[in-house]
Amino acid sequence: MLLLLLILFGVLSVLALLIILWDYFKHGGAAVWDTEHPGRIITQKVAKNRKKK
């Protein structure tokens with residue numbers, strides 16, 4: 001029974017990691033705080049584009 005729980009936990013952990021990595025690469029980087037709008041979270045790609053302007 002304990003082995004079954006450990007296997008289930010391992011599978012769920014790997015699944016969560018894959019979802020996090022997929023979201024990271026899909027949206028172009030990690031989430032960062034938006035300095036122009038307090039409380040809003042944007043991606044690094046958006047932040048870099050704003051900095052260039």
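I began with what a patch is: it is made of residues with over 30% relative accessible area and no salt bridge, with nonpolar side chains joined within 5 Å. I kept in mind throughout that this is a predicted model.

**Entry 1: the nonpolar patch**

With that definition in hand, I looked for a nonpolar surface patch and found one of about 990 Å². Its members are Met1, Leu2, Leu4, Leu5, Leu6, Leu8, Leu12, Leu15 and Ile19. I picked out Leu4 for a closer look, and it lies in helix H1, which covers residues 2-26. Is Leu4 buried or exposed? Its relative accessible area is 58%, and the cut-off for exposed is over 50%, so I noted Leu4 as exposed.

**Entry 2: the overall layout**

Next I stepped back to the whole chain. I counted two helices and two strands, and from the N terminus on they run α-β-β-α. How far does the C-alpha trace span along its principal axes? I read about 55 × 20 × 10 Å. The radius of gyration of the protein is 17 Å, while a compact globule of 53 residues would have one near 10 Å.

I then turned to the surface. The protein exposes about 5,000 Å², and carbon and sulfur atoms supply 73% of that area. Buried residues make up 8% of the 53 residues, and I chose two buried residues for the next entries.

**Entry 3: Asp34**

Where does Asp34 sit? I found Asp34 in the loop between strand E1 (31-33) and strand E2 (41-43). Its relative accessible area is 5%, and buried means under 20%, so Asp34 counts as buried. I also wanted its partners. Leaving out residues up to four places away in sequence, Asp34 touches Arg40, Ile42 and Arg50. With Arg50 there is a polar contact as well, side chain to side chain, at 2.7 Å.

**Entry 4: Thr43**

My last stop was Thr43, in strand E2. Why did I list Thr43 as buried? Its relative accessible area is 18%, and the limit for buried is under 20%, so Thr43 qualifies. Which residues does Thr43 touch, not counting those up to four places away in sequence? I wrote down His27, Gly29, Ala30, Ala31 and Val32.

**Page summary**

For whoever reads this page next, here are the three residues I looked up. Leu4 is exposed, at 58%. Asp34 is buried, at 5%. Thr43 is buried, at 18%.

Conventions. Residues are numbered from 1 along each chain as its sequence is written. This is a predicted model: local features need pLDDT of at least 70, side-chain atom pairs count only at pLDDT 80 or more; totals for chains, interfaces and linings use all residues. Side-chain values use heavy atoms; hydrogens and water are left out. Helices (H or I, at least four residues) and strands (E, at least two) are DSSP runs, numbered from the N terminus. Buried means under 20% relative accessible area, exposed over 50%, partly exposed in between (1.4 Å probe, protein chains only). A polar contact is a pair of N or O atoms within 3.5 Å; within protein, one must be able to donate a hydrogen and the other to accept it, and residues adjacent in sequence count only if both atoms are side-chain atoms. Contact means heavy atoms within 4.5 Å. Patches are made of residues with over 30% relative accessible area and no salt bridge: like charges are joined within 9 Å, nonpolar side chains (Val, Leu, Ile, Met, Phe, Trp, Tyr) within 5 Å. Accessible areas come from the Shrake-Rupley method with a 1.4 Å probe; for residues, only the protein chains shown count as cover. A salt bridge is a side-chain nitrogen of Lys or Arg within 4 Å of a carboxyl oxygen of Asp or Glu. The radius of gyration is taken over C-alpha atoms; the globule rule is 2.2 Å times the number of residues to the power 0.38.
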